[in-house]
Amino acid sequence: MNLKTSQHKPRLALFDLDHTLLPLDSDFEWGEFSIRIGWADKEEFGRRNQAFFDDYLAGRLDVHDYVRFATEAVRLRGEADAALAHERFMNEVIRPAIQPAATDLLRAHHEAGDEIVMITATNEFVTAPIAKELGVKNLIAVQLARDENGWITGEIDGIPSMREGKVQRMEAWLKERNLGWTDVECTFYSDSMNDVPLLEKVEHPVATNPDPRLRALAQQRGWRILDLFPQES
């Protein structure tokens, strides 16, 4: 889609991934999957993975430390083994979790002619196959630095797409297309308080399967609330 040549202001549908389009956290689940396949120690990795996840929910995650931790096993195993493991992860964890409510929402935006962008704080290794599975061509994820052989180093390349970084990465995406915020009409779906900076930036914020704090904020501000998935008891 050539956004610039549209006769009307082009519409963008922006989607967070974890707990928004999926009823799980793909980054956390990849860590748990790594334990199950013997790539990580159950006790130590599981403890640290849970601690990082708690930090994310609390809005205090050091994303650089987390990405080094989360990608270590992948980096050490190498590209071929990592690809095979990720396909197994897709079959065992991700594909069974994809729900019609999410795919129907994506389809509705696609059929309406909206440009769909997935923007997530999870790294590109985990999320690129998920975006492809969901039929989303535009992915803004945490980019991973590469060595001279093209394999990941464990470091982040550029601005992480997290909190205010999502706004910055989205602005860069628009700039690459000679666009700014005033040139487009944006809807953004997210479940998390971490995404308030981007929710505040768009015309149509949608608190989607929101955590309690975001639900309260959405109610206070009159934002649309969308529950795609049953609430956990």
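A salt bridge, as I'll use the term today, is a side-chain nitrogen of Lys or Arg within 4 Å of a carboxyl oxygen of Asp or Glu. Take Arg68 and Asp65 as a first example: they form a salt bridge whose closest N and O atoms are 2.8 Å apart.

Before going on, a word on the model. It is a predicted one, where local features need pLDDT of at least 70 and side-chain atom pairs count only at pLDDT 80 or more, while totals for chains, interfaces and linings use all residues. Residues are numbered from 1 along each chain as its sequence is written, and side-chain values use heavy atoms, with hydrogens and water left out.

Back to Arg68 and Asp65. Both sit in helix α3, residues 63-77, and because they are three residues apart, about one helical turn separates them. Helices here are DSSP runs of H or I with at least four residues, strands are runs of E with at least two, and both are numbered from the N terminus. How exposed is Arg68? Arg68 is partly exposed, with a relative accessible area of 36%, and Asp65 is also given as partly exposed, at 36%. For those labels, buried means under 20% relative accessible area, exposed means over 50%, and partly exposed is in between, using a 1.4 Å probe and protein chains only.

By the salt-bridge rule, the count comes to 15. Another of them joins Arg95 to Glu87, with the closest N and O atoms 3.1 Å apart. Arg95 is partly exposed at 28%, and Glu87 is partly exposed at 39%.

Now let's go inside. Lys166 forms a salt bridge with Asp16, the closest N and O atoms being 3.1 Å apart. This pair links distant parts of the chain: Lys166 is in helix α7, Asp16 is in the loop between β1 (11-15) and α1, and they are 150 residues apart. Are these partners buried or exposed? Lys166 is buried, with a relative accessible area of 1%, and Asp16 is buried at 3%. There is a third member to mention, since Asp16, Lys166 and Asp195 are linked in a network of salt bridges.

Thr120 brings us back to the same residues. Thr120 lies in strand β2, residues 115-123, and is buried, with a relative accessible area of 1%. Leaving out residues up to four places away in sequence, Thr120 touches a list of residues including Asp16, Asp18, Ser161 and Lys166; contact here means heavy atoms within 4.5 Å. A polar atom of the Thr120 side chain also lies 3.0 Å from the backbone nitrogen of Thr122.

Thr122 leads us on to Asp27, which touches Asp18, Tyr66, Ala70, Thr122, Asn123 and Val126, again not counting residues up to four places away in sequence. Asp27 is found in helix α1, residues 26-36. Which side chain of opposite charge is nearest to Asp27? That is Lys166, but it is 11 Å away, and Asp27 is buried yet has no salt bridge. For charge, Lys and Arg count as positive and Asp and Glu as negative, with His and the chain ends not counted.

Let's stay with α1 and look at its helix partners. With helix α2, residues 42-58, α1 packs at an angle of about 175 degrees, and the axes are 10 Å apart. Those axes are lines fitted to C-alpha atoms, for helices over the stretch in contact, and the angles run from 0 to 180 degrees between N-to-C directions. So α1 and α2 are roughly antiparallel to each other. Angles under 35 degrees count as roughly parallel, over 145 as roughly antiparallel, 65 to 115 as roughly perpendicular, and the rest as oblique. On the α1 side, Phe28, Gly31, Glu32 and Ile35 meet residues of α2, among them Phe45, Asn49 and Phe53.

With helix α6, residues 124-133, the α1 angle is about 110 degrees, and the axes are 10 Å apart. That makes α1 and α6 roughly perpendicular to each other. Ser26, Asp27 and Trp30 of α1 make this contact with Phe125, Val126, Thr127 and Ile130 of α6.

Last stop: backbone angles. Most residues other than glycine have a negative phi. Asn178, though not a glycine, has a positive phi of about 60 degrees. Asn178 lies in the loop between α7 (164-176) and β6 (185-190) and is exposed, at 61% relative accessibility. Asn209, also not a glycine, has a positive phi of about 50 degrees. Asn209 is in the loop between β7 (204-208) and α9 (212-221), and is buried, with a relative accessible area of 10%.

Note on methods:
Polar contact = N/O pair within 3.5 Å; in protein donor to acceptor, adjacent residues only side chain to side chain.
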